[in-house]
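The following exercises concern a single molecular structure. Please attempt each task before reading its worked solution.

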Amino acid sequence: MKIRQISAAERPASMFPLQAYAFTPSPWPPEEIERYRRRMRFFETAVNLVAEEDGETLAAVSAHRMRQNVRGLVHDMAGVASVAAHPSARRRGLVRALLTELLRQCRDEGCAVSSLYPFRPSFYAKFGFVGIPRQRITTFAPEGLSELLRVDLPGEVERLPMRDGFEAFDGLVRRLLPERHGFAFFDEARAAEFREDPVWVAVARSGGEVVGALRYKIDRHGGDLIGEELLCTGPLGRALLLEFLARHVDQLARIVLGVGTDDVPELWATDLSAVTEGKVDYPRDNAPMARVLNVPALAGSRVGSGAVTVEIVGDDLIGGVWRLAGEDGQLTVGAGGTPAATLTAAGFSALVYGVLDPVEVLTRGLGDVPAEAFGPLSALFPKQMPYLFADF
Ligand SMILES: CC(C)(COP(=O)(O)OP(=O)(O)OC[C@H]1O[C@@H](n2cnc3c(N)ncnc32)[C@H](O)[C@@H]1OP(=O)(O)O)[C@@H](O)C(=O)NCCC(=O)NCCS
């Protein structure tokens, strides 16, 4: 078996049959490959690795070049996707070899972190990934927002086809990136495909500045407005977008929106009856996972106070003994010392991403954390739920 990096132009012949078989209805219609070929200009910067035997591609993995905010620091991120093996080549270690190589290569090329959407978390747990929250979906009738129509807000909302609203939308996403923990987005090459999405974008502005944006579709008269995430710089952007949604009261039965774990739709209006749920059901409704690829690159992250030395075990990328301290709210990283706790890569990533506290790291089997280390580790890495945003 030989591992080879391939270009986007090689993906249709090499990776498409594996991906289409694994992730789409099949047999697929002949025009599907042509559609895939046309999309390849958006994959020029992706890292694609394939495992070949006798000239045949047996397995493949790839990584989108993305950026992610982890505790206030924006890192290059490997967004792992397109992981698939030919059915007759499964369980031979091919994807293990490919993923190991992919993560090492992405780390060497500057990615400090990686995220993905797993078909099954226990598979990626073997590669040091830990679960982070799934986006919630909230559903409510537009009547619930009617009180917002009586407020005169300083701003306006414009509804545009995505091709016309792309700059405003993309600009807002890039502005939010340094502000929101966990938030991740694609490089320009990959993001350009969204310009062609057949969706509306509602752009909220105040004083000429974009303060909110919502991508959405309407399924039918009297039906649903299906929105993606309601993105905003603060309460004014959200209120402007909600007021815009309230104007659909005669036209729609329901509004369906994506929200983060810290959004609380029942507080958006007094009489709002909303159902907010986070459905996780593998392999389709999957909560994302994330991991750290480079410990020294975390220096400068916004953390709590104190100092603690940890040993990360069983991981070629971040294994070792690390001295971690919070100085004026910023993480410093040194090597060596006497460890107060032993962590797996997933356990360490759980603390850095803020999804588990040290007691939960212990109970989840992601480290050997003595009781004396609970306090220092939770003071340095207070729990803080990340919101990934990007779907890939
Ligand atoms: C999931 C898939 C990519 C695994 O590829 P593979 O080449 O068979 O995986 P490997 O043989 O390298 O297995 C790597 C490790 O994962 C384990 N593993 C394999 N399939 C697994 C599964 N379905 N669930 C949990 N663990 C699994 C293996 O036992 C092995 O563990 P080990 O290294 O500790 O012994 C492959 O089965 C596939 O293409 N499935 C359909 C598409 C898919 O779901 N892709 C993932 C999208 S996120």
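A residue is called buried if its relative accessible area is under 20%, exposed if that area is over 50%, and partly exposed in between, with a 1.4 Å probe and protein chains only. Helices (H or I, at least four residues) and strands (E, at least two) are DSSP runs, numbered from the N terminus. The model is predicted: local features need pLDDT of at least 70, side-chain atom pairs count only at pLDDT 80 or more, and totals for chains, interfaces and linings use all residues. Residues are numbered from 1 along each chain as its sequence is written, and side-chain values use heavy atoms, with hydrogens and water left out.

**Exercise 1.** Determine how many residues of strand 5 are buried, and describe how this strand pairs with strand 4 and strand 16.

*Solution.*
Step 1. Strand 5 spans residues 111–116, and six of its six residues are buried.
Step 2. Two strands pair if DSSP finds at least two bridges between them. Strand 4 and strand 5 run parallel and are joined by five bridges; here valine 80 is opposite leucine 116.
Step 3. With strand 16 (residues 289–292), strand 5 pairs in the antiparallel sense over four bridges. In this pairing, valine 113 faces valine 292.

**Exercise 2.** State the handedness of the β-α-β unit that contains strand 4, helix 4 and strand 5.

*Solution.*
Step 1. A crossover is right-handed if, with the strands pointing away from the viewer, the path from the first strand over the helix to the second runs clockwise.
Step 2. The unit made by strand 4, helix 4 and strand 5 is right-handed.

**Exercise 3.** Describe the surroundings of the ligand, beginning with its polar contacts (pairs of N or O atoms within 3.5 Å).

*Solution.*
Step 1. A polar backbone atom of valine 83 lies 2.8 Å from a nitrogen atom of the ligand.
Step 2. An oxygen atom of the ligand is 2.8 Å from a backbone N or O atom of alanine 85, and one is 3.1 Å from a polar backbone atom of valine 95.
Step 3. On its own the ligand has 910 Å² of accessible area, of which the protein covers 78%.
Step 4. Helix 2 (16–23), strand 4 (73–85), helix 4 (94–108) and helix 5 (121–125) each give two or more residues to the shell.

**Exercise 4.** Decide whether helix 9 is mostly covered or mostly exposed, and examine what follows it.

*Solution.*
Step 1. Helix 9 (residues 345–353) is mostly covered, with nine of its nine residues buried; among them are Phe348, Leu351 and Tyr353.
Step 2. Just after helix 9, glycine 354 has a positive phi of about 80 degrees.

Terms used: Polar contact = N/O pair within 3.5 Å; in protein donor to acceptor, adjacent residues only side chain to side chain. Areas by Shrake-Rupley, 256 points an atom, 1.4 Å probe, with all protein chains shown as cover.
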